[in-house]
Amino acid sequence: MSDAQQRKDQTHLLLTMTLIVLETVFSFILKHDRVVALQAKKFVDQKIAIKINSYIPYFDFYVQFSDHGILFDEKAPEKAVDLDVRTTLMDLIKIFIFGNRRSIKGMRIDGDIVLKDEFRDLLSLFSLPKLLSDWKHWLSEAPNDQDITASKKRIAPLLEKIDQQRSKINTLQVEVKQYKNRIKRIERRQKRINLIFTMIT
């Protein structure tokens, strides 16, 4: 066996072992962290499939949400991927170890716009700082969906995002009113011009 083939086999084995570890850890978090489970409910229900492509160093793998947890695989799933994510290994480390929001925003993601935003929010919840802030709740009995509560640190970013979206909606509503008023003024002006033109004719 050549050295190149041996290195390739070792890289393949390392990636396979890493994916198994990631699958075990992420599925455990999804099962025990109620905030993550709530945020990931849509992904699980729709069995969302995601392709993760790293270009420095080059490798790619697939992530699929299912009732059994989060599945990691080197082979593409049978269904078409819903999101295509391109990033670097260093950014992935920054996201999951340090919760770096700049790295999350820097990811290039192709797919549904709403799903992209929800995926970015989910990534931030999987980061180590967010998980450490709420791990004690994992040991308590799981309440009903209606009784789900989380620490203020966990839900603060989500509440902040809701406030930002409300602010954008209010701004857009004001702009719509302004445009409607402009259209009415233009229509009145056009009527006057038409009347004057008719009288002159």
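Which residue stands opposite Gln-64 in E3? Leu-71 does. The legends below all describe a predicted model.

**View 1. Strands E1, E2 and E3 pair through two hairpins.** E1 and E2 run antiparallel, joined by 7 bridges. They form a hairpin with 2 residues between them. Ala-49 stands opposite Gln-64 of E2. The pairing of E2 with strand E3 (residues 69-73) is also antiparallel, over 5 bridges. Here too the strands form a hairpin, with 2 residues between E2 and E3. Gln-64 therefore appears in two pairings: it stands opposite Ala-49, and it stands opposite Leu-71 in E3.**View 2. Ser-66 sits in strand E2 and is buried.** E2 spans residues 58-66, and Ser-66 belongs to this strand. The relative accessible area of Ser-66 is 9%. That value is under the 20% cut-off for a buried residue. Leaving aside residues up to four places away in sequence, Ser-66 touches Val-44 and Leu-71. Phe-43 is 23 residues from Ser-66 in sequence, yet their C-alpha atoms are 8.0 Å apart in space. A polar atom of the Ser-66 side chain lies 3.2 Å from the backbone nitrogen of His-68.

**View 3. Helix H3 has buried residues on one side.** H3 covers residues 89-98. Which of its residues are buried? Asp-91, Leu-92 and Ile-95 are buried in H3. They cover an arc of only 105° around the axis, so they lie on the same side of H3. An α-helix has 3.6 residues a turn, so residues three or four places apart point the same way. What covers the buried residues of H3 includes two strands, E1 (49-55) and E4 (83-87). Helices H4 (101-106) and H5 (113-125) are also included in that cover. Just after H3 comes Gly-99, with a positive phi of about 65°.

**View 4. Phe-26 and Phe-96 form an edge-to-face pair.** The structure holds 6 aromatic pairs. In one of them, the ring centres of Phe-26 and Phe-96 are 5.4 Å apart. Their planes stand at 90°, so the pair is edge-to-face. Phe-26 lies in helix H1 (residues 3-32) and Phe-96 in helix H3, so the pair ties together parts that are 70 residues apart in sequence. Are these two rings' residues buried or partly exposed? Phe-26 counts as buried, at 11% relative accessibility. Phe-96 is partly exposed, with a relative accessible area of 22%.

**View 5. Phe-26 and Phe-126 form a tilted pair.** The ring centres of Phe-26 and Phe-126 are 4.9 Å apart. The planes of these rings are at 40°, so the pair is tilted. Phe-126 lies in the loop between H5 and helix H6 (128-132), while Phe-26 lies in H1. The pair therefore ties together parts that are 100 residues apart in sequence. Phe-26 and Phe-126 are both buried.

**View 6. Ring pairs link a cluster of phenylalanines.** Which residues do the ring pairs link into a cluster? They are Phe-26, Phe-59, Phe-61, Phe-72, Phe-96 and Phe-126. Among the pairs behind this view, Phe-26 with Phe-96 is edge-to-face, and Phe-26 with Phe-126 is tilted.

Definitions and conventions: Residues numbered from 1 in each chain as written. Predicted model: local features only at pLDDT ≥ 70, side-chain atom pairs only at ≥ 80, totals over all residues. Heavy atoms only, no water. Buried < 20%, exposed > 50% of the residue type's maximum accessible area, 1.4 Å probe, protein only. Helix = DSSP H or I, 4+ residues; strand = E, 2+ residues; numbered from the N terminus. Arc of directions from axis to C-beta. Contact = heavy atoms within 4.5 Å. Polar contact = N/O pair within 3.5 Å; in protein donor to acceptor, adjacent residues only side chain to side chain. Phe/Tyr/Trp six-rings, centres within 6.5 Å; stacked < 30°, edge-to-face > 60°. Pairing = 2+ DSSP bridges.
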